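Please look over the sequence and the three-dimensional structure below before reading on. The report that follows goes through the pairing of strands, one helix and one loop residue.

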Amino acid sequence: MIKIYTDGSCIGNPGVGGWGAIIIMDGKKIKIKGNKTNTTNNQMELIAPIKALKKIPNNREVQIFTDSKYVKMGITEWIHKWKKNDWKTSSKKKVKNIELWTQLDKLSNNFDIKWNWVKGHSTDKLNNEADLLARKAAKLI
């Protein structure tokens with residue numbers, strides 16, 4: 001089982017953003033991070049699991065831990081209705097960040113993923129570490 005802890009950060013919203021992920025695979029801890037100008041916190045929260053999933057072999061059992069209810073609810077619940085409604089919300093507005101949602105959805109189909117929400121800035125050591133990676137990445141720009 002591969003475990004992935006992800007987080008996103010934004011200085012201003014929109015503003016300069018960073019994302020971080022910690023991948024626990026085959027007894028090793030792999031840290032990845034990145035940043036982007038003129039982005040949002042939600043975009044960074046979505047990019048973190050996208051980048052992490054691209055780093056691991058397909059067809060594996062994965063647990064992803066995120067402190068973003070937007071990401072967890074979006075990928076496990078809302079996305080089914082969005083796709084059915086031609087990427088429109090229940091209020092008939094275009095879903096924000098469609099490109100990222102479609103990318104995450106397509107990648108997710110390559111794995112057996114269990115999505116987990118964890119309370120941010122709390123006692124989860126690896127979530128806090130992912131948060132630190134994301135904040136540091138945002139400050140590199």
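## The hairpin

Strand E2 (residues 15–25) and strand E3 pair in the antiparallel sense over ten bridges, where two strands count as paired if DSSP finds at least two bridges between them, and where strands (E, at least two residues) and helices (H or I, at least four) are DSSP runs numbered from the N terminus. Met25 has Lys28 of E3 as its bridge partner. Two residues lie between the strands in this hairpin, and Asp26 takes a positive phi near 55° there.

This is a predicted model, in which local features need pLDDT of at least 70 and side-chain atom pairs count only at pLDDT 80 or more, while totals for chains, interfaces and linings use all residues. Residues are numbered from 1 along each chain as its sequence is written, and side-chain values use heavy atoms, with hydrogens and water left out.

## The sheet

The hairpin belongs to an open sheet of five strands with mixed pairing, in the order E3-E2-E1-E4-E5. Strand E3 (28–39) and strand E5 (112–117) are at the edges with a single partner strand each, so one side of each has no neighbour in the sheet. From one strand to the next the twist averages 20°.

Strand E1 (residues 2–12) pairs with strand E4 (residues 61–66) in the parallel sense, over five bridges. Within this pairing, Tyr5 has Phe65 of E4 as its bridge partner.

## Helix H2

Helix H2 (residues 69–84) lies across E4 and E5 and runs at about 140° to E5; axes are lines fitted to C-alpha atoms, for helices over the stretch in contact, and angles run from 0 to 180 degrees between N-to-C directions. A kink of about 60° in H2 is centred on Trp78, the bend at a residue being the angle between axes fitted to the seven residues ending there and the seven starting there.

The buried residues of H2 (under 20% relative accessible area, with a 1.4 Å probe and protein chains only) are Tyr70, Val71, Gly74, Ile75, Ile79 and Trp82. These buried residues pack against helix H1 (41–54), E4, helix H3 (98–108) and E5. After H2 comes Asp86, with a positive phi near 55°.

## Arg60

Arg60 is found in the loop between H1 and E4, and is partly exposed, with a relative accessible area of 27%, which falls between the 20% limit for buried and the 50% limit for exposed. Leaving aside neighbours within four places in sequence, Arg60 is in contact (heavy atoms within 4.5 Å) with Ile2, Asp26, Asn110, Phe111 and Asp112.
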